[in-house]
Amino acid sequence: MVNQDRLLHRARLGFLLLSLLGDAFVLLANDARMLVLVSLPAYYSWTAQIGGKWVQVEPLLPDNADPHHFQFRPRDLQRVRRADLILLNGAGLEDWLKPALRQQAPDSEGKIVEISAGYPRAQWIFDDAESEGNETSSHPPDPSGFPNPHFWLDPVFASFAVSNILQILQRAAPAHADSFGTNASVYLDRLRKLDADFIAFRKPLKSPALVTVHPAFPYLCRRYQLSLIGALEVVPGVEPSPKHLSRLIREIRTHRVGTLFVEPHSGSRLAEQLASDLKLSTDELDTMETGAWSANAYEDGMRRNLCALSRSLH
Ligand SMILES: [Zn+2]
């Protein structure tokens, strides 16, 4: 449940984030529709929910963009130039994209906001191995390790992000500030309900332990005190070392993990093999890095995840 303290904290962070933005945004004319480009479906949902009819939200990248030799297609570059705002997750996730933006759309820099940049560092989780995005990251690793970028899979982070996006939109289009505020308040209620439903699911469980394929759920597990035993992949999409695998198998047996959580639509032969060898059932948790780009996609995806966890851990 969101308490008052946390709300105050969020409000302060929102202010900090806005002060980071400086005067980058030009205020829009009253009847203009903002164009906001986003890097992840969660940011699409949050922005569309707040913006309503006054904001057009679009994915920043085409599906299956290649992080290694990325070139904007002319029509995507045009959208980047037209965009009023580009919302990124940050924490290394889109670092591979920055050189392309810098070279191909140098004017875009002032429009970029990384939402995680305003989230308190004490809340960040660091992986000791290379995490997502870092193979192409221009940043040296943090002394604590590589930041795990999957903040959006925590519904309380979602409320933080929505509060920040609200302030950013209100500042860019003050004529619609009231409408944005009303939309955000309705949506924040729904996020609080989502959080409450996760808390209710967790309550009767003694020591729920789980294993995933992709290392995407540490924020969700920390929020609801689920014991995340580990992930099959250390670097997403790369087969783990025999040492990592044997340690994981040992942990699965020690903690009597019953379910391996895989991702929708991305079969991993190794995961199937592991589940069959250890007689684990499998279920799906969606990382929501791809999938539907819609106003309700975030809530729908998180509720599907909640159902999968309930099914498997109760
Ligand atoms: Zn990921």
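## The four-stranded sheet

In what order do the four strands of the open sheet stand, and is their pairing parallel or antiparallel? The order is β8-β7-β9-β10, and the pairing is parallel. Because β8 (227-231) and β10 (281-284) stand at the edges with a single partner strand each, one side of each has no neighbour in the sheet. On average, and ignoring direction, neighbouring strands here are turned by 30° against each other. Keep in mind that what you're looking at is a predicted model.

Let's zoom in on one pair. Strand β9 (residues 259-262) runs parallel to β10, and four bridges join the two. If you'd like a spot to look for, try V262: its bridge partner in β10 is E284.

There's a helix to find here too. Helix α8 (residues 242-254) lies across β7 (209-212) and β8, and it runs at about 150° to β8.

## The largest nonpolar core

Now for the largest nonpolar core, which has 61 residues. The ones with the most contacts inside it are W46, I115, F157, L169, F198, Y298 and L309. Plenty of elements chip in: the strands β1 (34-38), β2 (55-59) and β3 (85-88) each supply at least two residues, and so do the helices α2 (41-51), α5 (155-172), α6 (177-202), α7 (218-223) and α10 (297-313). Helix α5 gives the most, with ten residues. Both domain 1 (4-198) and domain 2 (202-313) take part, with at least three residues of the core coming from each.

F198 is a good place to start exploring. Leaving out residues up to four places away in sequence, F198 touches P155, L220, Y224, M302, L306 and L309. L309 also appears with F198 among the residues with the most contacts inside the core.

## Two residues to look up

First up is R223, which sits in helix α7. Its side chain makes a polar contact with the side chain of D154, at 2.8 Å. R223 and D195 are 28 residues apart along the chain, and their C-alpha atoms are separated by 9.4 Å.

Next is N148, in the loop between β6 (146-147) and α5. Is N148 buried or exposed? N148 counts as buried because its relative accessibility is 1%, and the cut-off for buried is under 20%. Setting aside neighbours within four places in sequence, N148 is in contact with I125, F126 and D127, as well as P215, P218 and Y219.

Conventions: Residues are numbered from 1 along each chain as its sequence is written. This is a predicted model: local features need pLDDT of at least 70, side-chain atom pairs count only at pLDDT 80 or more; totals for chains, interfaces and linings use all residues. Side-chain values use heavy atoms; hydrogens and water are left out. Two strands pair if DSSP finds at least two bridges between them. Axes are lines fitted to C-alpha atoms, for helices over the stretch in contact, and angles run from 0 to 180 degrees between N-to-C directions. Contact means heavy atoms within 4.5 Å. A nonpolar core is a set of buried Ala, Val, Leu, Ile, Met, Phe, Trp, Tyr and Cys residues joined through side-chain atoms within 4.5 Å. Buried means under 20% relative accessible area, exposed over 50%, partly exposed in between (1.4 Å probe, protein chains only). Domain bounds come from an automatic or database domain assignment. A polar contact is a pair of N or O atoms within 3.5 Å; within protein, one must be able to donate a hydrogen and the other to accept it, and residues adjacent in sequence count only if both atoms are side-chain atoms.
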